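Here's a short tour of a protein chain for you to follow along with. Keep the picture open and look up each spot as we get to it.

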Amino acid sequence: MQITVNGSAHKVEVEEDMPLLWVLRDELKLTGTKFGCGGGFCGACTIHLDGQPVRACLTPVSFAEGKKITTIEGLSANGDHPLQLAWIEHNVPQCGYCQSGQLMSAAALLQQTPNPDDKQIDQAMTGNLCRCGTYPRIKSAISAAAKMKAAAKIKSAATKEGNADV
């Protein structure tokens with residue numbers, strides 16, 4: 001079976017019903033995606049399939065064949081995604097275990113809703129549990145990342161128009 005993870009094609013020889021989580025972690029050694037509850041309740045294993053957040057613990061690898069899989073390792077090459085920068089700026093992680101799933105859900109939210117309000121953030125992040133209770137900092141970081149992305153877009157547009165002073 002061939003799957004595409006973070007832009008790279010991988011041939012894996014596993015059972016078709018093997019959860020994608022174990023293919024990523026055990027076969028491809030991409031350990032950023034975490035095992036939490038194993039039942040899709042905590043969101044620690046959240047990844048993107050064609051840009052949509054899914055629980056890797058519940059997703060059979062055969063379902064991912066032919067789709068674009070993105071893990072936390074693929075969110076940015078240098079850890080400089082606006083969400084990752086905002087996570088650091090707002091001191092979000094405590095134990096850190098749920099953070100890759102939180103970041104992947106937040107990234108999907110910002111992809112679909114570039115400027116979410118608090119209610120939209122709460123709704124999008126409902127399925128990601130944090131036993132440390134960092135929810136207020138997560139919400140602040142998502143809002144800050146949305147602003148960073150908007151500012152970068154304005155700067156990029158200004159640079160393309162030759163007005164780099166914006």
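Let's begin with Gln52, which you'll find in strand 4 (residues 52–55). This is a predicted model, so keep in mind that every value here is computed from it. Gln52 has a relative accessible area of 41%, so it counts as partly exposed. If you set aside the neighbours within four places in sequence, Gln52 is in contact with Ile47 and Gln112. You can also find Ala107 from here: its C-alpha atom is separated from that of Gln52 by 9.6 Å, though the two residues are 55 residues apart along the chain.

Next, have a look at helix 1 (20–27). Which of the residues of helix 1 are buried? They are Leu20, Leu21, Val23 and Leu24. The cover over these buried residues includes strand 1 (2–5), strand 3 (46–49), helix 2 (61–64) and strand 5 (68–70). Just after helix 1 comes Lys29, and its phi is positive, near 60 degrees.

Keep going into the loop between helix 1 and strand 3, and you'll meet Thr33. Is Thr33 buried or exposed? Its relative accessibility is 1%, and buried means under 20%, so Thr33 counts as buried. Leaving out neighbours within four places in sequence, Thr33 is in contact with a whole list of residues, among them Leu21 and Leu24, which are two of the buried residues of helix 1. The contacts of Thr33 also include Ile47, Ala56, Ile72 and Ser100.

Now for the charges. Glu15 sits in the loop between strand 2 (8–11) and helix 1. Together with Glu16, Asp17 and Glu65, Glu15 forms a negative surface patch. Glu15 counts as exposed because its relative accessibility is 59%, and the cut-off for exposed is over 50%.

How many salt bridges are there? The count comes to 1. In it, the side chains of Asp122 and Lys139 meet, at 3.0 Å from N to O. This pair links distant parts of the chain, 17 residues apart: Asp122 belongs to helix 5 (residues 118–125) and Lys139 to helix 6 (residues 135–160).

Here's how some of the residues you've met compare in accessibility:

| Residue | Relative accessibility | Counts as |
|---|---|---|
| Glu15 | 59% | exposed |
| Thr33 | 1% | buried |
| Gln52 | 41% | partly exposed |
| Asp122 | 38% | partly exposed |
| Lys139 | 24% | partly exposed |

Conventions:
Residues are numbered from 1 along each chain as its sequence is written. This is a predicted model: local features need pLDDT of at least 70, side-chain atom pairs count only at pLDDT 80 or more; totals for chains, interfaces and linings use all residues. Side-chain values use heavy atoms; hydrogens and water are left out. Patches are made of residues with over 30% relative accessible area and no salt bridge: like charges are joined within 9 Å, nonpolar side chains (Val, Leu, Ile, Met, Phe, Trp, Tyr) within 5 Å. Accessible areas come from the Shrake-Rupley method with a 1.4 Å probe; for residues, only the protein chains shown count as cover. A salt bridge is a side-chain nitrogen of Lys or Arg within 4 Å of a carboxyl oxygen of Asp or Glu. Lys and Arg count as positive and Asp and Glu as negative; His and the chain ends are not counted. The place of a charge is taken as NZ of Lys, CZ of Arg, CG of Asp or CD of Glu. Helices (H or I, at least four residues) and strands (E, at least two) are DSSP runs, numbered from the N terminus. Buried means under 20% relative accessible area, exposed over 50%, partly exposed in between (1.4 Å probe, protein chains only). Contact means heavy atoms within 4.5 Å.
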